[in-house]
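Colleague: Shall we walk through this one together, a question at a time? I would like to follow your reasoning as well as your results.

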Amino acid sequence: MSQPDPPGSLDEATQQQLIQEIGRVIVRALPPGWQESTTEYRALGDHVETVCRLIAPNGSAIPLAAPPEVSDLFGRLRAGMHQPDRGTWISAVYRLQRPGSYAVDFNGDNEPDWQSPPPPSAYAEELRRHPRPAEATPQWLAAGTAQQEPPRPSLRTAEVFDDRGNPITERPEIGRAEAERVAEYLEKAPVVLAARSYDNDRLDPQRAASVPMTFHTDGSWIWPGAVAYYLRLHGVSPEPDLLNHIRALGFQLPEVTEPQRELAVSVITGEHR
């Protein structure tokens with residue numbers, strides 16, 4: 001099987017030559033006495049279907065085996081007809097009538113009537129091979145492609161207190177030794193966002209402003225620097241899910257990648273939805 005031509009590489013004269021070659025291949029495979037036939041080629045990414053039918057005098061369609069080389073020729077034609085502003089066609093119907101009449105209809109927008117549904121990966125592969133702008137991408141193709149996009153990783157955000165309006169917590173206390181290990185974990189996690197100033201201590205308003213206005217992440221959670229502050233000075237435990245997460249890691253901080261840090265910043269600033 002020959003390799004497909006580079007996208008958009010076929011001029012109109014070469015396209016016509018290839019279309020005529022497809023017709024000759026189909027005719028050689030038709031039975032004696034044929035009068036009319038249709039061959040439909042459908043492709044999406046790696047998913048390809050070729051359906052050949054003989055049209056009887058009464059109009060009924062008789063299935064025929066398509067010549068193997070027809071799919072290769074259609075594939076070359078499809079790639080070679082690609083246009084950057086509209087992509088390329090998804091299906092084509094080649095009609096032949098004896099003695100030498102033919103017509104080809106190309107469909108670049110409507111989803112074909114597939115014999116079997118294309119695999120999910122075919123949608124993204126189609127746009128990778130034959131890119132087209134968003135305004136020229138039909139909804140069914142865009143929707144199928146969107147389903148293949150991997151979900152962006154999510155980060156949970158811890159609150160300092162159980163009630164955002166008031167410094168209220170109903171969390172069980174943890175022992176001093178464990179509290180030290182938890183606080184060290186919280187403080188050593190990378191700072192991804194920080195203010196130059198400090199906030200007031202909401203449990204001790206008389207104290208000079210000393211609560212760090214920072215945000216940390218370990219790649220799975222985001223928490224304000226105030227979480228470690230209130231744990232050390234007032235024994236306020238982190239919220240249970242974050243505490244259990246730290247325990248499950250054996251109090252060992254994982255490596256935090258740059259993409260994870262960037263994602264944390266986007267979550268904090270509200271850019272990530």
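Modeller: Gladly, and one cut-off first: a residue counts as buried when its relative accessible area is under 20%. Please keep in mind that this is a predicted model.

Colleague: Thanks! With that cut-off in hand, is T39 buried or exposed?

Modeller: T39 is found in strand β1. Its relative accessibility is 0%, and the cut-off is 20%. T39 therefore counts as buried.

Colleague: Which residues is T39 in contact with, once its neighbours within four places in sequence are left aside?

Modeller: Let me go along the chain. T39 touches I26, then T50, V51 and C52. Further on, T39 meets V70 and F74. The list of contacts of T39 closes with A92, V93 and Y94.

Colleague: And which residue is the bridge partner of T39 in β4?

Modeller: Strand β1 covers residues 36-44 and β4 covers residues 91-97, and the two run antiparallel, joined by seven bridges. Within β4, the residue paired with T39 is Y94.

Colleague: Let's step back to the sheet as a whole. In what order do its five strands lie?

Modeller: The sheet is open, and its pairing is antiparallel. On average, neighbouring strands in this sheet are turned by 20° against each other, direction ignored. The strand order is β3-β2-β1-β4-β5.

Colleague: Which strands of that sheet stand at the edges?

Modeller: An edge strand here has a single partner, so one side of it is left without a neighbour in the sheet. That holds for residues 61-64 and for residues 101-107. The edge strands are β3 and β5.

Colleague: Which strands does helix α1 touch where it packs on the sheet?

Modeller: Helix α1 spans residues 12-29, and its direction makes about 60° with that of β4. The strands touched by α1 are β1, β4 and β5.

Colleague: How are α1 and α2 oriented to each other, roughly parallel or roughly antiparallel?

Modeller: Helix α2 covers residues 68-80, and its axis comes within 10 Å of that of α1. The two axes cross at roughly 165°, and the crossing is left-handed. Angles over 145 degrees count as roughly antiparallel. The two helices are therefore roughly antiparallel.

Colleague: How many nonpolar residues does the contact of α1 with α2 have?

Modeller: From α1 come Q15, L18, I19, E21, I22, V25 and I26, and they meet E69, V70, L73, F74, R76, L77 and G80 in α2. By class, this contact has three charged and two polar residues. The number of nonpolar residues is nine.

Colleague: What is the separation of the C-alpha atoms of S9 and R76?

Modeller: S9 lies in the segment before α1, and at 38% relative accessibility S9 counts as partly exposed. R76 is 67 residues away from S9 along the chain. Their C-alpha atoms are separated by 9.7 Å.

Colleague: Now for the open sheet of four strands. Which strands are at its edges?

Modeller: This sheet has mixed pairing and the order β6-β9-β8-β7. Each edge strand pairs on one side only. The edge strands are β6, at 156-157, and β7.

Colleague: Which residue in β8 stands opposite V191?

Modeller: Strand β7 (residues 191-199) and β8 (residues 211-217) run antiparallel and are joined by five bridges. Elsewhere in this pairing, D199 stands opposite V211. Opposite V191 stands H216.

Colleague: Which residue takes a positive phi in the hairpin of β8 and β9?

Modeller: β9 (residues 221-224) pairs with β8 in the antiparallel sense over three bridges, with F215 opposite P224. The hairpin has three residues between the strands. The positive phi is near 95° and belongs to G219.

Colleague: Which helix lies across β8 and β9?

Modeller: The helix in question covers residues 226-234 and runs at about 120° to β8. That helix is α6.

Colleague: Last one: how many charged residues are in the contact of α5 with α6?

Modeller: The axis of α5 (residues 176-188) comes within 9 Å of that of α6 and crosses it at roughly 155°, which makes α5 roughly antiparallel to α6. A179, E180, V182, A183, E184, L186 and E187 in α5 meet V227, A228, L231 and R232 in α6. Seven residues of this contact are nonpolar and no residue is polar. The charged residues number four.

Terms used: Residues are numbered from 1 along each chain as its sequence is written. This is a predicted model: local features need pLDDT of at least 70, side-chain atom pairs count only at pLDDT 80 or more; totals for chains, interfaces and linings use all residues. Side-chain values use heavy atoms; hydrogens and water are left out. Two strands pair if DSSP finds at least two bridges between them. Axes are lines fitted to C-alpha atoms, for helices over the stretch in contact, and angles run from 0 to 180 degrees between N-to-C directions. Contact means heavy atoms within 4.5 Å. Angles under 35 degrees count as roughly parallel, over 145 as roughly antiparallel, 65 to 115 as roughly perpendicular and the rest as oblique. A crossing is left-handed if the near helix is turned anticlockwise from the far one by less than a right angle, and right-handed if clockwise. Ala, Val, Leu, Ile, Met, Phe, Trp, Tyr, Cys and Pro count as nonpolar, Asp, Glu, Lys and Arg as charged, and the others, Gly among them, as polar. Buried means under 20% relative accessible area, exposed over 50%, partly exposed in between (1.4 Å probe, protein chains only).
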